[in-house]
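Here is a friendly walk through a structure you may want to keep open beside you. Turn it around as you read, and follow the residues as they come up.

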Amino acid sequence: MRVFGRGEGGGSADGIGARSESEYEALRRRCEERLRELEATEPLKQVHLPSLLRSEGMSRRTFLKWASATTALLFLPASFEKLVARAAAVMNRVPVIWVEYQDCAGNSEAILRADGPTIDELLLDVISLEYHETLMAPSGFQAEAQLEDALQAFRGKYILIVEGSIPTEGGFGFNGPRGESFLENLKRLSRDALAVIAVGSCASYGGIPAAYPNPTKAMGVWDIVKGKPIVNIPACPMNPANLIGVVLHYVLTGTLPELDYLLRPKFAFGYRIHDNCERRAHFDAGEYVEQWGDEGARNNFCLYKMGCKGPMTFNNCSIIRYNDGTNWPIGVGRGCIGCSEPGFWDKYAYERPMAGANIPVPGLWNMGIERSVDLLGVGLLTAAGAGIAIHAFLSAKYGKKSDEGAPGAPPKEKS
Amino acid sequence: MNGEASGTIVRVTRMPKSWRIFHWVNFLAVFAAVVTGIYIARPYYQAMIAEPAVRKFVMGWNRAIHLYAAITIDVLCVVSFYLYFLSRFERPVRKLLPTREHGREFFEVLANFFTFNRRKRFDSAELDTFNAAWFTLLHLLLLFQLFTGLQLYVYSLESGLSSVGGWWPWLMHVATDWTYWAFGGRMGVRWVHHFTMYLLLAWIAFHVYYEIWRTVYWREGDIAIAFGGEKIARRLPGTAAE
Ligand code: SF4
Ligand code: SF4
């Protein structure tokens, strides 16, 4: 629970706020009505989910397992499973425009299912992606025309997904055949969007392009887009399950999920890595990996001293993991680098003991955010010690002066 | 002042028993918080206990002691601020009022310290302005540790629940979320919390040295205050505060 912060007033919707039986019942009715409406509309894209699943060799059982996991992900009771499964099939009714700015395309990559797609990744095939430069066949003016069509046809109805940070320094980052700057492009496309979803840390907070010294003055979507509902799904890359969760939430309820103070959906970012980490017992016990490959590493000890930032990081990768629940960073024996936190590259991403990192960051005399504490602190203590020693020496040597006259008789203690 | 005159020398009570208890409890708590805080920042010893991880809580104990110490310091801080204003013994806040007299006294003490003098043109039977300011600085540093420390602590109660009820994390957020923005996020808060420990250590170093120096120089037994609660004061004819 956050009391104040940037999240408030960000224009987010109320989300799934149900707590009691009757509230869930009301929510269920609302969702059913919404799904009926959507099912009656024309799909924007002809995909038949059951056949798509079949063609990928996935059984209905696998799909239902996914639906039950996703229901739990969204904090909904099991009675919503059927609704979630129905919502997945009508995701092709929601128009989505996906733009990519200053980034490594890692988030697109994350949904590209290089090998054995997960259902979350498959569902991104179901979503009606009206425009996605990296994935679409047309290019240049042809792509531009398609974008224009989509903007006209779905004015006020499309979800704008932004990947990558936005350079605000002139001369960096241009889009399309007319060479429109990323900044202008984002402003133009967000104007008529229903909501903007920033995927990945770059789009959320500037990410790696915004790392010190940030030559392009890169920023996140929320620094630029005002007066629109914004959802941040940070991490490097974001977990496709979380994007599907947000879109599915919208399809199911017609609202965006509840957000935290950094505009991240609470269903995904309400967890601290450290609190759901399989190595946590070793942390509390004081058993740490001291060096890569040491005895502790072989025994899956806690990675805190190898720089794990799990205690400072909020994300659900410790629970849902990556690649269909296969594994996650700490599971394979390396610390969390806090990739879903603002400023993660400067402040979190080093494999050093928490207090011993030495990466240059601004404002701290380039000494490293953590190491500088001890350097400064020990320096200060040394200075204090030296000052005391010098003063004591000078006092002993020169301190004979007194204008009290001759010292009085030694004090006589009275009882 | 409750003292007995003996010529120009008076014996004065400077710290009632309760103040002395607060002083030493505060010292022990700060000491414990420093030792355990360093462990939390950088665990400097391995738990070499032949017990399964789930049964030995080396980091767990360090964190627990750190928090117990923090609670003790915080409570004492609150008590101190109360005593600043409403103590029946002496109200240090009076000495903090920016009057000319106080300014003069402040620099008199400092001048003594830097010119190796024992000139005292003020009443040393009372709390002097310099020490009043110096102790206030300590309490402000401790208060700062309270805000930044609780901000670091409240992450583990992200659910908004706690064993004493939801009001506690709520209160911590209300009271400390400003530090998150002021210091640029959690890492910044961690940084200043850690760094302020060094300021506190430097504060202690100066405090101890100053009291010893003052004892040697002024020959008023100041160092005894923290133990027996009393010292003696030499009064110049005509300057004694009646
Ligand atoms: S490995 Fe990281 S997240 Fe896991 S217990 Fe250790 S510090 Fe926490
Ligand atoms: S463990 Fe940490 S660094 Fe790795 S993906 Fe999760 S939040 Fe990002």
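## A tour of the model

Arg119(B) is a good place to begin: its relative accessibility of 24% makes it partly exposed. Arg119(B) sits in the loop between α4 (100–115) and α5 of chain B. In sequence, Arg119(B) is 99 residues away from Trp218(B), while in space the two C-alpha atoms are 8.6 Å apart. Please keep in mind throughout that this is a predicted model.

**The two chains**

Chain B has 242 residues, of which 50% count as buried. It holds 8 helices and 3 strands. Reading from the N terminus, the order of elements is β-β-α-α-α-α-α-α-α-α-β. The C-alpha trace of chain B spans about 70 × 40 × 30 Å along its principal axes. If you take the contacts in chain B with a separation of 6 or more, 66% of them come from residues 24 or more positions apart.

Chain A has 415 residues, and buried residues make up 52% of them. Its elements are 17 helices and 9 strands. Among the chain A contacts between residues at least 6 apart in sequence, 74% join residues at least 24 apart.

**Helix α5 of chain B and its surroundings**

Helix α5 of chain B covers residues 129–153. How far apart are its end C-alpha atoms? They are 36 Å apart, and this agrees with the 36 Å that its 25 residues should span at 1.5 Å a residue. The N-terminal end of α5(B) is capped by Asp128(B), which places a side-chain oxygen 3.1 Å from the backbone nitrogen of Phe130(B).

Asp128(B) is also one of the residues touched by Lys95(B). Lys95(B) belongs to helix α3 (residues 92–96) of chain B. Is Lys95(B) buried or exposed? Its relative accessibility is 12%, so Lys95(B) counts as buried, the cut-off for buried being under 20%. Leaving aside residues up to four places away in sequence, Lys95(B) touches His102(B), Glu105(B), Glu126(B), Leu127(B), Asp128(B), Thr129(B) and Ala132(B). With Glu105(B), the Lys95(B) side chain makes a side-chain polar contact at 3.4 Å.

**Salt bridges**

Over all chains, the structure holds 30 salt bridges. Three of them are set out here.

| Pair | Closest N to O distance |
|---|---|
| Arg264(A) and Asp260(A) | 3.0 Å |
| Arg264(A) and Glu341(A) | 3.3 Å |
| Arg11(B) and Glu230(B) | 2.7 Å |

Arg264(A) appears in two of these rows, bridging to Asp260(A) and to Glu341(A). Arg264(A) and Glu341(A) are both buried. For Arg264(A) the relative accessible area is 1%, and Asp260(A) counts as buried at 6%. Arg264(A) lies in the loop between α11 (240–253) and α12 (266–269) of chain A, and Glu341(A) in the loop between α15 (317–320) and α16 (344–347) of chain A, so this pair ties together parts that are 77 residues apart in sequence.

In chain B, the side chains of Arg11(B) and Glu230(B) meet in a salt bridge. Arg11(B) is in strand β2 (residues 9–13) and Glu230(B) in strand β3 (residues 230–234), both of chain B, so the pair ties together parts that are 219 residues apart in sequence. Glu230(B) counts as partly exposed, with 29% relative accessibility. Back in chain A, one network of salt bridges with shared partners joins Glu144(A), Glu148(A), Arg178(A), Glu180(A) and Arg188(A).

**An enclosed helix in chain A**

How many of the 8 residues of helix α6 (residues 119–126) of chain A are buried? The count is 7, so the helix is largely enclosed by the rest of the structure. Those buried residues are Ile119(A), Asp120(A), Glu121(A), Leu122(A), Leu123(A), Leu124(A) and Val126(A). Their cover includes α2 (49–55), α3 (60–73), α4 (81–89), α5 (106–111), β2 (128–132) and α11 of chain A.

**Around ligand 2**

Which residues surround ligand 2? They are Thr313(A), Asn315(A), Cys317(A), Tyr322(A), Trp328(A), Pro329(A), Cys336(A), Ile337(A), Gly338(A), Cys339(A) and Ser340(A). Sorted by class, this shell has 7 nonpolar and 4 polar residues, and no charged ones.

How values were computed. Residues are numbered from 1 along each chain as its sequence is written. Chains are lettered from A and ligands numbered from 1 in the order in which they are written. This is a predicted model: local features need pLDDT of at least 70, side-chain atom pairs count only at pLDDT 80 or more; totals for chains, interfaces and linings use all residues. Side-chain values use heavy atoms; hydrogens and water are left out. A residue is near a molecule or strand if one of its heavy atoms lies within 4 Å of it. Ala, Val, Leu, Ile, Met, Phe, Trp, Tyr, Cys and Pro count as nonpolar, Asp, Glu, Lys and Arg as charged, and the others, Gly among them, as polar. Helices (H or I, at least four residues) and strands (E, at least two) are DSSP runs, numbered from the N terminus. The expected span of a helix is 1.5 Å times one less than its number of residues. A polar contact is a pair of N or O atoms within 3.5 Å; within protein, one must be able to donate a hydrogen and the other to accept it, and residues adjacent in sequence count only if both atoms are side-chain atoms. Buried means under 20% relative accessible area, exposed over 50%, partly exposed in between (1.4 Å probe, protein chains only). Contact means heavy atoms within 4.5 Å. A salt bridge is a side-chain nitrogen of Lys or Arg within 4 Å of a carboxyl oxygen of Asp or Glu.
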